[in-house]
Amino acid sequence: MDKIVRFGVSLEKGLLGKFDALLEERGYSSRSEALRDLIRQSLIEKEWREGAEVAGAVTLIYDHNRKDLVGRITDIQHDCPHLIISTQHIHLDHDHCLEIIAVRGGSEEVRRLADSLRSIKGVKHGTINMSSTGKDLE
Ligand code: NI
């Protein structure tokens, strides 16, 4: 583990009050832990911006009754198996499916894959959770 360094932070009182309220709402045990997470979040955003190798999850909600849709979603995934680690399919109810696709690869390629899945007509909601391979995070 890397050496821990302490440093002082100067902050407007009002801003610190809002920060503390946020920490309490999110259940952080200390300002340090919250600050670490904010820094990691910024580093992850930078990885995504700069085309680094990233990891994440694409989620799709779609109509099970649209058989063409199921085929299209599967076809797109078969076109880029190098980006897909695993796919979980959940039958949410009689009409809806939830698909969670774990992805890893260059951020631009991963984003393109996510966009092509989310933009399929009939996909009711699609999200991408942008995370990191963790290699460059402490
Ligand atoms: Ni289903």
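The centres of domain 1 and domain 2, taken over C-alpha atoms, sit 29 Å apart. Domain 1 covers residues 13–49 and domain 2 covers 53–132, with bounds that come from an automatic or database domain assignment. Keep in mind that this is a predicted model, where local features need pLDDT of at least 70, side-chain atom pairs count only at pLDDT 80 or more, and totals for chains, interfaces and linings use all residues. Numbering runs from 1 along each chain as its sequence is written, and side-chain values use heavy atoms, with hydrogens and water left out.

Now for the metal. The nickel ion is held by His89 through NE2, His91 through ND1 and Cys97 through SG, at 2.1 to 2.4 Å. Donors here are N, O and S atoms within 2.8 Å of the metal (3.2 Å for Na, K and Ca), and since water is not among the atoms, sites may look incomplete. Along the sequence, the donor residues follow the spacing H-x1-H-x5-C. Cys97 is buried at 1% relative accessibility, while His89 is partly exposed at 32%. For these labels, buried means under 20% relative accessible area, exposed means over 50%, and partly exposed is in between (1.4 Å probe, protein chains only).

What about disulfides? The structure has 0 of them, a disulfide being a pair of cysteine sulfur atoms within 2.5 Å. Cys80 is in none, and the nearest cysteine sulfur, that of Cys97, is 20 Å away. Cys80 is itself buried, with a relative accessible area of 10%.

On to the core. The largest nonpolar core has 22 residues, and those with the most contacts inside it are Leu60, Ile73, Leu113 and Leu117. Such a core is a set of buried Ala, Val, Leu, Ile, Met, Phe, Trp, Tyr and Cys residues joined through side-chain atoms within 4.5 Å. Helix H2 (31–49), strand E1 (53–63), H3, strand E3 (96–106) and helix H4 (107–118) each give two or more residues to this core. Helices (H or I, at least four residues) and strands (E, at least two) are DSSP runs, numbered from the N terminus. In soluble globular proteins, nonpolar side chains tend to be buried together.

Leu113 touches Ile76, Cys80, Leu83, Ile84 and Val103, leaving aside residues up to four places away in sequence; contact means heavy atoms within 4.5 Å. Gln77, in helix H3 (residues 67–79), is buried at 11% relative accessibility. With the same sequence neighbours left out, Gln77 touches Ile84, Thr87, Glu99 and Ile101.

Last come the salt bridges, 7 by count. The rule asks for a side-chain nitrogen of Lys or Arg within 4 Å of a carboxyl oxygen of Asp or Glu. The table lists three of these pairs.

| Basic residue | Acidic residue | Closest N to O |
|---|---|---|
| Lys135 | Glu53 | 2.9 Å |
| Arg66 | Asp68 | 3.1 Å |
| Arg118 | Asp115 | 3.9 Å |

Lys135 lies in the segment after strand E4 (123–132) and Glu53 in strand E1, so their bridge ties together parts that are 82 residues apart in sequence. Lys135 is exposed at 62%, whereas Glu53 is partly exposed at 36%. Asp115 and Arg118 are 3 residues apart in helix H4, which puts about one helical turn between them. Asp115 is partly exposed at 38%, and Arg118 is partly exposed at 33%. Arg66 is also partly exposed, with a relative accessible area of 31%.
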